[in-house]
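Open the model in your viewer and keep the sequence panel beside it. The tour goes from one selection to the next.

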Amino acid sequence: TDVEVPEVEFTDDLADDDEDDGPSLPDPKDLELIMNRIVDGVKESYKSIRGAEPTPDIFDRIMVEAYGDTVPLPTVAQAVIVSPTLAQVTCYDPSVTKSVRDAIRDTLELNPQLEDEMSGTIKVPLPRVSMETRQKTAKQLAKQAERARNRIRDIRRKAMNKVKQAKDGKLEGVSEDEAFRTGKEIDSATEKVTKKLNDQLQAKQDEILAV
């Protein structure tokens with residue numbers, strides 16, 4: 001069975017217009033926060049991707065129809081890995097057991113079974129994931145990370161356009177020294193966030209490909 005890598009929508013709070021005539025330099029700390037949100041979004045998507053051994057995290061992103069609303073599975077049930085091929089999900093309120101079962105089935109494309117509806121217990125058989133499938137998933141994650149890097153580079157590029165305007169004397173009240181210092185801080189933030197992205201990608205790939 002192929003492992004689906006969730007789509008991550010990469011957004012930022014910078015204006016799309018590179019010709020913004022505002023008088024101030026971008027704040028490197030604000031830029032770092034925006035970049036980090038991109039990286040954190042990628043990391044959040046990892047939760048539903050299992051490696052050689054399953055973890056309860058694979059259930060975290062499942063949304064369940066319950067009480068007239070759509071809620072994350074962990075708010076209505078607890079998932080435990082019983083063995084490499086079996087998980088058990090226990091609902092806090094037995095009345096939502098069927099909804100939880102259906103959400104697991106539809107989201108993970110598994111075949112959960114009601115062990116005891118009155119007690120809210122669901123058994124979830126977990127198929128073994130072949131090395132071929134895991135290698136494919138690791139490659140998909142690398143492509144996802146590259147899209148995130150491109151968004152980070154785009155944020156840096158927009159910010160450095162404004163820094164260049166200041167260095168060229170086109171931002172009133174901003175000195176060349178201030179622009180140079182801001183540019184260095186933006187580069188430092190970009191390197192820091194990119195390293196965080198690369199490190200978490202490597203860690204997840206190592207987990208997926210573990211023998």
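Which residue in strand 6 does Thr90 stand opposite? Select Thr90 and look across to strand 6: the residue there is Thr121. This is a predicted model, and the pairing around these two threonines can be followed further.

Select residues 86-91, which form strand 4, together with residues 121-125, which form strand 6. The two strands run antiparallel and are joined over five bridges.

Now widen the selection to the whole sheet. It is open, has four strands in the order 3-4-6-5, and pairs in the antiparallel sense. Residues 77-83 (strand 3) and 113-116 (strand 5) are the edges; each has a single partner strand, so one side of each lacks a neighbour in the sheet. Ignoring direction, neighbouring strands in this sheet are turned by 30 degrees against each other on average.

Next, select helix 1 (residues 28-45) and helix 3 (residues 131-167). Their axes come within 10 Å and cross at roughly 170 degrees, which makes helix 1 roughly antiparallel to helix 3. Show side chains where the two helices meet: helix 1 contributes residues including Leu31, Ile34, Met35 and Ile38, while helix 3 contributes residues including Ala148, Arg151, Ile152 and Ile155. Sorted by class, this contact has 10 nonpolar, two polar and two charged residues.

Finally, colour the chain by pLDDT. The mean for the protein chain is 88, with 89% of its residues at 70 or more. Select residues 15-21, where pLDDT stays under 50. For this stretch the model has eight contacts beyond four places in sequence.

Definitions and conventions. Residues numbered from 1 in each chain as written. Predicted model: local features only at pLDDT ≥ 70, side-chain atom pairs only at ≥ 80, totals over all residues. Heavy atoms only, no water. pLDDT = per-residue confidence, 0-100. Contact = heavy atoms within 4.5 Å. Pairing = 2+ DSSP bridges. Axes fitted to C-alpha atoms, helices over the stretch in contact; angles between N-to-C directions. Parallel < 35°, antiparallel > 145°, perpendicular 65-115°, else oblique. Nonpolar A, V, L, I, M, F, W, Y, C, P; charged D, E, K, R; others polar.
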